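Trainee: I should be grateful for a close look at one part of this model, namely the core of the longer chain and what surrounds it. Please begin with how far the coordinates may be trusted.

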Amino acid sequence: MTDTAVAASTKRITYDDAVVRGFILFSVVWGIVGMLVGLLCAFQLAFPALNFDTSFLTFGRIRPLHTNAVIFALVGNMLFAGIYHSSQRLLKTRMASDLLSRVHLYGWQLIILGAALTLPLGITQSKEYAELEWWLDIMVALVWVAFAINYFWTLAVRNEKNLYVAIWFYIATIITIAVLYIVNNLAVPLDGMKSYGVFAGAQDALTQWWYGHNAVAFFLTTPILGIMYYYLPKAAERPVYSYRLSIIHFWALIFIYIWAGPHHLLYTALPDWAQSLGMLFSLMLWAPSWGGMLNGLLTLRGAWHKVRTDPVLKFFVAGVTFYGMATFEGPLLSIKSVSALGHYTDWIIGHVHGGALGWNGFMAAGLFYWLVPKLYGTKLHSSKLADVHFWLGTFGILIYIVSMWISGVTHGLMWRAENADGALEYRDWATIIDAVIPMYHLRALGGALYIVGWILMMWNLWKTVAGKKPVDAEAEVTVLEKVDAPSSVRLIFSRPVLLSFLGLVATLFLWRNNVIVAAVALAALVFICVLAWLRYQSAQREEFRWHDYIERRPLAFSVLVGLAIIAGGVVELLPGLLMTREVPMTDAGKVAVKPYTPLELEGRDVYVSEGCYVCHSQMIRPFLSEKKRYGDPSRIEESMWDHPFQWGSKRTGPDLARVGQKYGATWHYEHMLDPRRMSEGSIMPKYPWLLTDKIDPAKTKHKLKIMRALGVPYEKEEFELAEQKYREQAGVIVKELTDYGVDVDEDSKLVALIGYLLRLGKNEKPSTTIAAPAATNGERKGD
Amino acid sequence: MWKDLFSSADFMSLPLVTLFLFIGVFVGVACWTFSKKRKSHYDLMAQMPLEGRPHDGFDSHRDTNTNTTKEELR
């Protein structure tokens, strides 16, 4: 069907609600698994013995399992259920292909199963929310393509001319997630279980957080907003407060969100311009986010009394309110001075869970309570039980986020506290951790309450559907026929789009260092504005206007959405990717940052596999307090050979960027086997399996070959010498440990990891640095 | 062209370029959206999720398409 159509005949259709039921079932079941794993993580931080000294249950491995499960399994399945159900109603047609719907449904569960099996085994890329290895990434891409084909096919055969704003949000989700996921996961496979990303160091960090931030934006936010715009009016039985505001909300949100990723990298070695860009656009996000929240809440004008008795509305209202809280807190945390205090602390964990438990979790609960009875032609088993779920969940979230706020601010202040002599007040890390252990207990309690509520929902929904037959809704729809209308191509290359593009080009040329070019660009910009105004005036006299057509042309609409998100991505990523990687030299003419030796490279893979990045950063910020604690601020070139980067985003343990300057092999040996032996009060897990798990040094040369292909300056001659070099360096460590009185196999993972840890922070300072403002901006006090 | 542009650009000015660009687009979209002539269209669009709405679009004279069943209304 096309944008403009006329009624021809009517027909009766049956919606495909079986796929909706399937996604709901998997969301609820995977959700409880993901949250129980999260609860175990929370208890492990309070009671390290709960790591059970077992590799596949250790915190560094199961924390990524928790995040992936709740993001892609709980929320993913929930949003697919909402999209499939609401889109069929809004488009007045059954999904175009039942087969593709099933490929999506079961393919997605296979991916989740793959994640549940591989992540505890330490098979990971170590990029947050993108941990899955290359073959699972390919599965994600294929299933997503099946979803996209089915969705756009359905759009093409729809029996409704206009696309409601919820559909816009769904389209933006499908397009943007595809772009983000593919770019961030570009990698070269080593074997079936391991790959190396094509980006390294700062480029990798920028790409990862462009993805990571926008995974939150376009997986956890935009589709849920679409669900809000459809189901909140349904539940409240009144139209959305302002459809106009929803349009502003949509375009502003998708345009701004894509630029804000670098706020995850403030005060790192990322160039300052990228940090400023991320902060600026993050602050601008306040406007559309709160516009959307208010639009949702004001939809209940005149119907607030229903919130008292309707659990669905309770969950929706609280969910939208948590959305407002999280989207206020996010830009706040992206202000550099606030980030200086809050980054790497539990404050970020509290912020994330305010959004995940409050916004995503409550919107999911509201959706399920509304939808499941309808999908079985019955009523909810118990509204009172749903109310109990609501209050348990609400108190659980509040306990969780308040405890994390207190813990985060406490950590931020203790890290920078100085005594009267100017020395660090709290140099011992265990003292810092000990101060917040009560908050970790409270966090676990909050999480447990939330999970109890979720279990009550499972039981309530089970009682609702038990013994009932599924009902696939039917509707009589008018089949529309195609009539003449502008084609998608004509719409994409129409005057509004061309004028906007020319305006963008002219604006960019304003900043050239040539006065004549800038003057011509300014004149062109004025001319374009006049043309745009004239075009706007003439459009007012037309029966149908440009955006009216765009709203009914999914292809043209999708292209414009793609342009909006790609514009942000290009300006954010391209300068960093185009930077020439020059190998910095020292004043003495030596290479300042040497590639890792074969042993260090293998040890780095152990570090990645064990998820050390989950608790340790490798990025010293330019604050005096951090210099006193860790050493000189990190420089951009220090991670230039890191595939993937390991800057981290959380410091449950101290930063490790210069740990090699601090401890020797014997200290690391004792610490890895029993952290509390070297640091009383530490909450780090023990790693006994590293002593028995082996590396095959004969295979290390293959890793060197891939690294060379990715631009790391290994010489070809080094490939065949890799095993020999490995054994030489491992032998030195083994001898030191033997002299210390312990017997260690030189092929053990522990020796390789020690080799890597000893290397950290031992690069020499280059005579000139490449775009390393963190090192050249001067040191700032962390306040 | 892009490489040349980025290599010669002062990156600190990029946020300013993008800020002005965004404000321009935002003002344009806001003006267009809040045009008084479009109120009736938006009122109708806002009804789309609700069953029994009178019609399904701003050119409602062309068709009605709202016949949902009991199952759908339930």
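Mentor: This is a predicted model, and confidence is therefore the proper place to begin. Chain A has an average pLDDT of 90, with 92% of its residues scoring at least 70. Residues 769-783 of chain A are an exception to note: their pLDDT is below 50, although the stretch has 38 contacts in the model beyond near neighbours in sequence. Where pLDDT is low, the predicted coordinates should not be read in detail.

The setting of the core is a chain of 783 residues, 63% of which count as buried. The secondary structure of chain A comprises 31 helices and 4 strands. Of the contacts in chain A between residues at least 6 apart in sequence, 83% join residues at least 24 apart.

We may now turn to the core itself. The largest nonpolar core holds 185 residues, and those touching the most other members are A:Trp108, A:Tyr151, A:Tyr243 and A:Phe368. The element that gives the most to this core is helix H2 (residues 59-91) of chain A, with 17 residues. A second core, separate from this one, has 46 residues, including A:Tyr607, A:Met672, A:Ile695 and A:Leu753.

A:Trp108 deserves a closer look. Setting aside neighbours within four places in sequence, the contacts of A:Trp108 include the aromatic residues A:Phe72, A:Phe80, A:Trp144 and A:Phe219. The valines A:Val103, A:Val140 and A:Val143 are also in contact with A:Trp108, as is A:Asn77.

A serine offers a second buried position to examine. A:Ser558 is located in helix H22 (residues 554-578) of chain A. A:Ser558 counts as buried because its relative accessibility is 9%, below the 20% cut-off. Residues up to four places away in sequence not being counted, A:Ser558 touches A:Phe152, A:Ile171 and A:Ile175.

The outer surface completes the account of chain A. About 28,000 Å² of chain A is exposed, and carbon and sulfur atoms supply 66% of this area. In soluble globular proteins, nonpolar side chains tend to be buried together. On the surface of chain A, however, there is a nonpolar patch formed by A:Leu522, A:Val526, A:Phe527, A:Val530, A:Leu531, A:Trp533 and A:Leu534, which together have about 700 Å² of accessible area. One of these residues, A:Leu522, lies in helix H20 (residues 515-539) of chain A. A:Leu522 is classed as partly exposed because its relative accessible area is 46%, between the limits of 20% and 50%.

Chain B calls for more caution. Its mean pLDDT is 60, and 36% of its residues reach 70 or more. Confidence in chain B is highest in helix H3 (residues 39-46), at 84, and lowest in helix H4 (residues 70-73), at a mean of 39. Over residues 53-74 of chain B the pLDDT stays under 50, and the model has 59 contacts beyond four places in sequence for this stretch. Chain B has 74 residues, of which 46% count as buried, and its secondary structure consists of 4 helices and 0 strands.

One residue of chain B leads back to chain A. B:Thr33 is found in helix H2 (residues 14-33) of chain B and is buried, its relative accessible area being 0%. Apart from neighbours within four places in sequence, B:Thr33 is in contact with A:Arg244, A:Ile247 and A:Ile248 from chain A, and with B:Tyr42 from chain B.

How values were computed:
Residues are numbered from 1 along each chain as its sequence is written. Chains are lettered from A and ligands numbered from 1 in the order in which they are written. This is a predicted model: local features need pLDDT of at least 70, side-chain atom pairs count only at pLDDT 80 or more; totals for chains, interfaces and linings use all residues. Side-chain values use heavy atoms; hydrogens and water are left out. Patches are made of residues with over 30% relative accessible area and no salt bridge: like charges are joined within 9 Å, nonpolar side chains (Val, Leu, Ile, Met, Phe, Trp, Tyr) within 5 Å. Accessible areas come from the Shrake-Rupley method with a 1.4 Å probe; for residues, only the protein chains shown count as cover. A salt bridge is a side-chain nitrogen of Lys or Arg within 4 Å of a carboxyl oxygen of Asp or Glu. Helices (H or I, at least four residues) and strands (E, at least two) are DSSP runs, numbered from the N terminus. Buried means under 20% relative accessible area, exposed over 50%, partly exposed in between (1.4 Å probe, protein chains only). Contact means heavy atoms within 4.5 Å. pLDDT is the predictor's confidence in each residue, from 0 to 100. A nonpolar core is a set of buried Ala, Val, Leu, Ile, Met, Phe, Trp, Tyr and Cys residues joined through side-chain atoms within 4.5 Å.
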